[in-house]
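Work through the exercises below with the sequence and the model side by side. Try each task before reading its solution.

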Amino acid sequence: RMGSNGPEDYLRKEYVESTNGKDSIVKNENPKTQLLSAYSQINLMQKARWQIKENLNVKAALHYGTTSPIPRYDRLLETSDGKLKYGDWFYGPQNWLLGNVKIIGSKHTALTDQAQLTLAYQNFKESRLSRRLGSSKLTERAENVNMITINADLDKKFGRSNYLFYGGEFIHNIVGSKGHIQDIFTAEKVSASTRYPDGATWSSSSVYVKINSAIGNNWNTELGGRVGLIQYNASLSNDFFKFPVSDISENVTGQSFSAGLIYHNRSIIRFNVSSGFRAPNIDDIGKVFDSEPGKVIVPNANLKPEIIYSADLSWERQWGHKLLIQANVFYSLLDGVITRGNFSMNGQDSMVYENELRQIQALVNSESATIYGGQFYADWKFSNRLSINTNINYTLGETSEGDPLRHATPVFGSTHLTYKTSKFIYSLYAVYNGEISYANMAPEEKGKTHMYAKDANGNPYSPSWWTLNLKSKYRYSERLSFLAGIENILDKRYRPYSSGISAPGLNFYVSVRARF
């Protein structure tokens, strides 16, 4: 249930109800209830450790998670010709399995003080199912990803205060992708286009080295570098779309580095410069999907890596046990940044996808982009029992064409007033988030009118919001404690930026923590 005080644009005024295969648009008796958003989830975990001998042990972990079908709430809000667009849109049950084994040795040798080898396997299954309003055709696209990972991490101390860290990593992904359309009345199935190229592979091999050194009593330096080779291969099927190429295959090499200088006396000052690169993955180069109303993303065989150059400066000082202040600023330049852009295929700028003519887009390399901002944090203890802390974060990102970057967040922060006794901790706090106006919204977000509020001109925008909250903890003993809280006390109706679902209104929680 969303809050009571906020934009009416977020209300869930109607929904689709299907009876005996017939869709009806039904009025929602309580528009604050976000119908067709519920799902359930189970996560299981087991860890074990064997001490083989004094300087050698093995750790193993197994994780498993599964869900019920998950409605895609934001898609169920989309409209076409003035009425709801979909009768169904949901993820099938998601299943995730991870197993890993770590072998850790701590024997001192000429090359290492400690070495760790990690072997891991993951499998992830998910599917997307959608059906247009009034249609009997349910489209399902299912993915099955297998991944193996091998990591080697070693470290060695030499001299009085010099540390060497080095190692390597290998990752290999195999992407399975299937698609079909099923008639919900007859259960008849026919093939459909896949989201990703079926059988595509993506591999990464890299080695790294890092050195930490102390210079005198007040200075530390950090130097690091990494070299990587990315290999990917995807075969595009022409059964449904006539792609201009049949295979996308590439070997990409890249380097990254970092250098840092730390001064620590009464204050701690850190200055870092670094570079990095991100090679395209299968999702970037090979997917076909409807990214937003009226648009379709297609593969781009010419997509190149994006490279980033960054610098950041931070300052921290503590005055006894009373006051702590931290501040930092950063600036990043992205070269060849990967963004969504208009595209053409076989000389055409539009194509039919799921029986609808759509504008063609792809992930493309823009000339450059900048991201910069800062963060401020302060913690002031009035006494041993009463304290206040606050933090605020500001980020701005834009391409060389002047367009805002989609993933740059609005200004956000929080302030906590905390009171402690020997048994209790109480915290009254506010969380706040700034506005992103229509003019400052990324181009690819402006078309998602179903996700945002409308400004005075009827354009989508993300309003600012803030919440007031209270949490408490009672420590009954060293082994047993109780927690309780009230969130969104003022029952604000808000939606985090770029989210397709509104946050909860006034709500309560309790929990128990016990150690045995």
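**Exercise 1.** Find which residues Leu117 is in contact with, leaving aside its neighbours within four places in sequence.

*Solution.* Step 1: apply the cut-off, where contact means heavy atoms within 4.5 Å. Step 2: list the residues, which are Val101, Lys102, Ile103, Ile150, Asn151 and Ala152. Step 3: take Ile103 from that list; its C-alpha atom and that of Leu117 are separated by 5.2 Å, with the two residues 14 apart along the chain.

This is a predicted model, in which local features need pLDDT of at least 70 and side-chain atom pairs count only at pLDDT 80 or more, while totals for chains, interfaces and linings use all residues. Residues are numbered from 1 along each chain as its sequence is written, and side-chain values use heavy atoms, with hydrogens and water left out.

**Exercise 2.** Decide whether Leu117 is buried, partly exposed or exposed.

*Solution.* Step 1: recall the classes: buried is under 20% relative accessible area, exposed is over 50%, and partly exposed lies in between (1.4 Å probe, protein chains only). Step 2: the relative accessibility of Leu117 is 33%, so this residue counts as partly exposed.

**Exercise 3.** Classify the aromatic pair of Trp89 and Tyr91, then that of Tyr452 and Tyr497.

*Solution.* Step 1: rings of Phe, Tyr and Trp (its six-membered ring) pair if their centres lie within 6.5 Å; planes under 30 degrees apart are stacked, over 60 edge-to-face, and the rest tilted. Step 2: the whole structure holds 13 aromatic pairs. Step 3: Trp89 and Tyr91 lie 5.9 Å centre to centre with 70 degrees between the planes, an edge-to-face pair. Both of these residues are buried. Step 4: for Tyr452 and Tyr497 the centres are 6.4 Å apart and the planes at 40 degrees, so this pair is tilted. Tyr452 and Tyr497 are both buried as well.

**Exercise 4.** Find the charged end that sits over the ring of Trp89.

*Solution.* Step 1: the test asks for NZ of Lys or CZ of Arg within 6 Å of the ring centre and within 35 degrees of the ring normal. Step 2: the charged end of Arg72 sits over this ring, 5.5 Å from its centre.

**Exercise 5.** Find the residues that stand opposite Leu483 in β30 and in β32.

*Solution.* Step 1: strands are DSSP runs of E with at least two residues, numbered from the N terminus, and two strands pair if DSSP finds at least two bridges between them. Step 2: β31 runs antiparallel to β30 (residues 465–475), joined by 6 bridges, and pairs with β32 in the antiparallel sense over 8 bridges. Step 3: Leu483 is the bridge partner of Lys473 and stands opposite Ser511 in β32.

Technical notes: Helices (H or I, at least four residues) and strands (E, at least two) are DSSP runs, numbered from the N terminus.
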